[in-house]
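Colleague: Could you walk me through reading a metal site and the ligand beside it?

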Amino acid sequence: CGTGGAQTTVNATIRVTSGTYDGGCQRFNAGSALGDGSQSEGQQPVFRVENGATLRNIVIGNNGADGIHTYNGAVLDNIYWMNVGEDAMTIKSSGTTTVRNIEGYDADDKFFQVNAASTLNVSNCIIHRAGKALRQNGGTTFRVDVTFDRCDINSMNEGVFRTDSSSSTARLTNSRLRNAGTICIGPWASCAQSG
Ligand code: DGU
Ligand code: CA
Ligand code: CA
Ligand code: CA
């Protein structure tokens with residue numbers, strides 16, 4: 001998707017509960033009802049994807065609000081964040097979330113936020129400018145298993161993966177890092193880059 005597609009303002013979170021929601025590369029801008037894309041917590045997501053449903057071909061425009069939330073697993077394919085809001089994507093409940101073919105810019109703090117025991121598999125990702133690419137919710141000790149494959153991560157203020165849990169794992173393969181800070185922050189059970 002380029003950024004030149006038709007634009008639409010989202011004033012209530014779009015909920016994807018089954019099957020596939022294909023945005024056709026439209027640009028979805030959060031309306032002020034969802035938040036302002038700042039670092040204030042409590043903003044609403046533009047999309048909420050549940051129960052293994054698929055969200056694809058989406059551009060999230062200049063107000064990213066709280067991005068995309070997933071519940072009980074989801075698939076996100078071909079998503080472009082022009083300007084990440086409070087964060088880009090949050091895992092809100094357990095399951096496997098698969099993210100592929102994504103690009104995003106300007107997360108002031110976190111890009112991926114993980115708030116439940118879960119598996120996150122990311123491939124073909126490009127992340128430009130963030131505090132960190134991924135944060136397991138501060139102070140939580142449940143297990144999260146993360147893989148990033150074929151990613152290009154540049155300009156992180158702090159680093160790539162951060163957890164407070166000694167049962168979580170992260171693996172980065174076949175990827176390029178530039179000015180990405182510390183790869184593994186916190187007491188990961190395992191965390192490594194290879195390939
Ligand atoms: O600790 O849970 O930043 O999901 C306070 C909150 C905070 C979350 C998180 C998120 O960590 O709101 O955006
Ligand atoms: Ca937050
Ligand atoms: Ca931003
Ligand atoms: Ca958030």
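Modeller: Sure, donors come first: they are N, O and S atoms within 2.8 Å of the metal (3.2 Å for Na, K and Ca), and water is not among the atoms, so sites may look incomplete. This is a predicted model, where local features need pLDDT of at least 70, side-chain atom pairs count only at pLDDT 80 or more, and totals for chains, interfaces and linings use all residues. Residues are numbered from 1 along each chain as its sequence is written, chains are lettered from A and ligands numbered from 1 in the order in which they are written, and side-chain values use heavy atoms, with hydrogens and water left out.

Colleague: Which protein donors does the calcium ion (ligand 4) have?

Modeller: D66 and D87 each give two OD atoms and E86 gives an OE, lying 2.3 to 3.1 Å from the calcium ion (ligand 4). Along the chain, the spacing of these donors reads D-x19-E-D.

Colleague: And what are the protein donors of the calcium ion (ligand 2)?

Modeller: There you find two OE atoms from E41 and two from E86, at 2.3 to 2.9 Å. E86 bridges the calcium ion (ligand 2) and the calcium ion (ligand 4), which lie 3.6 Å apart. E41 sits in the loop between strand 4 (27-30) and strand 5 (47-50), and E86 in the loop between strand 8 (74-81) and strand 9 (89-91), so the pair ties together parts 45 residues apart in sequence. Strands here are DSSP runs (E, at least two residues), numbered from the N terminus.

Colleague: Why is the arrangement around the calcium ion (ligand 2) irregular?

Modeller: Ideal angles are 90 or 180 degrees for six octahedral donors. Six count as octahedral if opposite donors are over 155 degrees apart and all others between 65 and 115; a six-donor site that fails this is irregular. Around the calcium ion (ligand 2), the six donor atoms subtend angles of 49 to 158 degrees, which makes it irregular. The calcium ion (ligand 4) is irregular too, with angles of 45 to 164 degrees among its six donor atoms.

Colleague: Is E41 buried or exposed?

Modeller: Buried means under 20% relative accessible area, exposed over 50%, partly exposed in between (1.4 Å probe, protein chains only). E41 is exposed because its relative accessible area is 60%, while E86 counts as buried at 2%.

Colleague: Which residues are around ligand 1?

Modeller: Taking heavy atoms within 4 Å, they are E41, E86, D87, K110, Q113, N115 and N137. A polar side-chain atom of E41 lies 2.8 Å from an oxygen atom of ligand 1, and one of K110 lies 3.3 Å from a ligand 1 oxygen.

Technical notes:
Polar contact = N/O pair within 3.5 Å; in protein donor to acceptor, adjacent residues only side chain to side chain. Tetrahedral: all angles 85-135°; square planar, octahedral: opposite > 155°, others 65-115°. Helix = DSSP H or I, 4+ residues; strand = E, 2+ residues; numbered from the N terminus.
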